[in-house]
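Biologist: Could you walk me through this one? I'd like to hear the reasoning behind the labels as well as the labels themselves.
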Amino acid sequence: MTSFPLEPEEATLRRWFGETLELLYANLNTLAEQPASHIEGARDAARAMHRPFSEDPGDAVAIIREVIEDYVPRSFHTAGPGYLAYIPGGGLVHAALADLISNITNRYIGVSLAAPLLVRLEVVTLRWLMDQMNYPAEARGIFTSGGSMANFSAVVCARHRQLGEQFQDGVLYGAEELHHSTGKAAMLAGFRHDQVRLLPVNDQGMLQPSIVAQAVAEDRSQGKRPAMLVGSAGTINVGAVDPLNELADLARSEGLWFHVDAAYGGPFQLTQRGQRLLQGIEKADSITMDPHKGFFLPYGTGCLLVRDGTALRDSHRVEADYLPEMQDSSDTQDFCDYSPELSRDFRGLRLWLALQLAGTRAFRDCLDEKLDLTTVVKEAIREIPALEIVGEAPLTLVAFRFKNDDDSGTRTQALLERLVASKRVMISGSYFQKRYVAKFCILSFRTHRDRVDEALDLLRREVHTMEGAA
């Protein structure tokens, strides 16, 4: 045994890495055959699981094998081609290489002085994202742990710029279909629940500017200060995209901060269809986007882009004697000045390395493929007389239900359960305008036409069986 057990010798490291890679190769090579969901009995197994910590080292190979072969499979198979539930996170192996490099070298990039080249790398990656949104040179961004933290910083930024220190009379507006993280962000930023107005949507799930204008007028007449409007580019229930162009113009005329939650839809800006659908997003004061969705990176990779970089910095910057002199230019920035975090991991390397290794065309082509596959799904569902599509489904999420089902979706839920029981696909359900819907969400980079056709064949068969038994 080495004298320094926290510093394994080269031979030990090679054995650990070698065994881990072999197990991961085996996992990757069988992704298509693995069940899309395997959680039956997993909670009981979790309660019974107990591996005590010992004073002495354990058998490394046995422990690694146990995690990969026993623990990992008992879950939703979010990395597989059959995962069509929620909004998938793909987990590119390119990003796994980035995390390996980042975690072993363990460089600090919270301030540019500590690692100028690595900070520059992340700045360049953020600039590429901002270019996709047609943001100006003075825009700035941060990588976050996900859309929730990005929305939080956006709310803080808007509060600081629009309302100042006294914000008890401020009001935030969004649709009732808005992701819950925005409401949580407002709560954490100090707003009361009654300062967040969630407005009704149309039958396609979209927020209408006239509804917002009416609410703003009502609040101003009562002496309140309308401050922020949040639009959605891909809602979680039916995948709706709000009329961003019109909302942006309304926000500008009313003096509101316009934020777009594009955690799901933002990456589609790479495609021509996405650009048409997201027209007006370039006018937003801030944009949330999740590279762990449409860029297929591991969970824990979100970002916030802000048109006026000084607004982001001013709302997050706090000076301290132990920090070096801060830098800010088009070439570099100190991320601790733009984010709640001082300590943070090197998230930007995940996207930078994936773009470098695969090329940007690969991502655009993959997103176009998912849009094409969604068209296949919509056409197939429309040909099933017993089913109906709910919402417009402009991106890659298709919500559907049995026609004339009750609001709780008794038959639709039963259909979902039968599909999931096949182990070949995993889909999810939720409520839209108080009616239960099932959802296909096609966003995994590993989902291709073969699995979609298999899912649709399964859907037709189960609907036929249920209709025959009715």
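Modeller: Sure. Let's start with Val119, which counts as buried at 0% relative accessibility. Keep in mind that this is a predicted model.

Biologist: What makes Val119 count as buried?

Modeller: Buried means under 20% relative accessible area. Val119 has 0% relative accessibility, so it counts as buried.

Biologist: Where is Val119 found, and what is it in contact with?

Modeller: Val119 is found in helix α5. Leaving aside neighbours within four places in sequence, its contacts are Ile109, Val111, Ser112, Thr332, Gln333 and Phe335.

Biologist: Which residues have the most contacts inside the largest nonpolar core?

Modeller: Those are Leu129, Leu229, Phe258, Phe295 and Leu305, in a core of 74 residues. Helix α5, residues 116-132, gives the largest share of this core, with 7 residues. There's also a second, separate core of 34 residues, including Val398, Ile427, Val463 and Met466.

Biologist: Now the helix pair. Why are α15 and α16 called oblique to each other?

Modeller: Helix α15 (residues 410-421) and helix α16 (residues 449-469) pack at about 130°, with their axes 10 Å apart. Over 145 degrees would count as roughly antiparallel, and 65 to 115 as roughly perpendicular. The angle of about 130° fits neither range, so α15 and α16 are oblique to each other.

Biologist: Which residues of α15 meet α16?

Modeller: Arg411, Ala414, Leu415, Arg418 and Leu419 do, and among their partners in α16 are Leu458, Glu462 and Met466. The residues of this contact divide into 7 nonpolar, 1 polar and 4 charged.

Key. Residues numbered from 1 in each chain as written. Predicted model: local features only at pLDDT ≥ 70, side-chain atom pairs only at ≥ 80, totals over all residues. Heavy atoms only, no water. Core = buried A, V, L, I, M, F, W, Y, C linked by side-chain atoms within 4.5 Å. Buried < 20%, exposed > 50% of the residue type's maximum accessible area, 1.4 Å probe, protein only. Helix = DSSP H or I, 4+ residues; strand = E, 2+ residues; numbered from the N terminus. Axes fitted to C-alpha atoms, helices over the stretch in contact; angles between N-to-C directions. Parallel < 35°, antiparallel > 145°, perpendicular 65-115°, else oblique. Contact = heavy atoms within 4.5 Å. Nonpolar A, V, L, I, M, F, W, Y, C, P; charged D, E, K, R; others polar.
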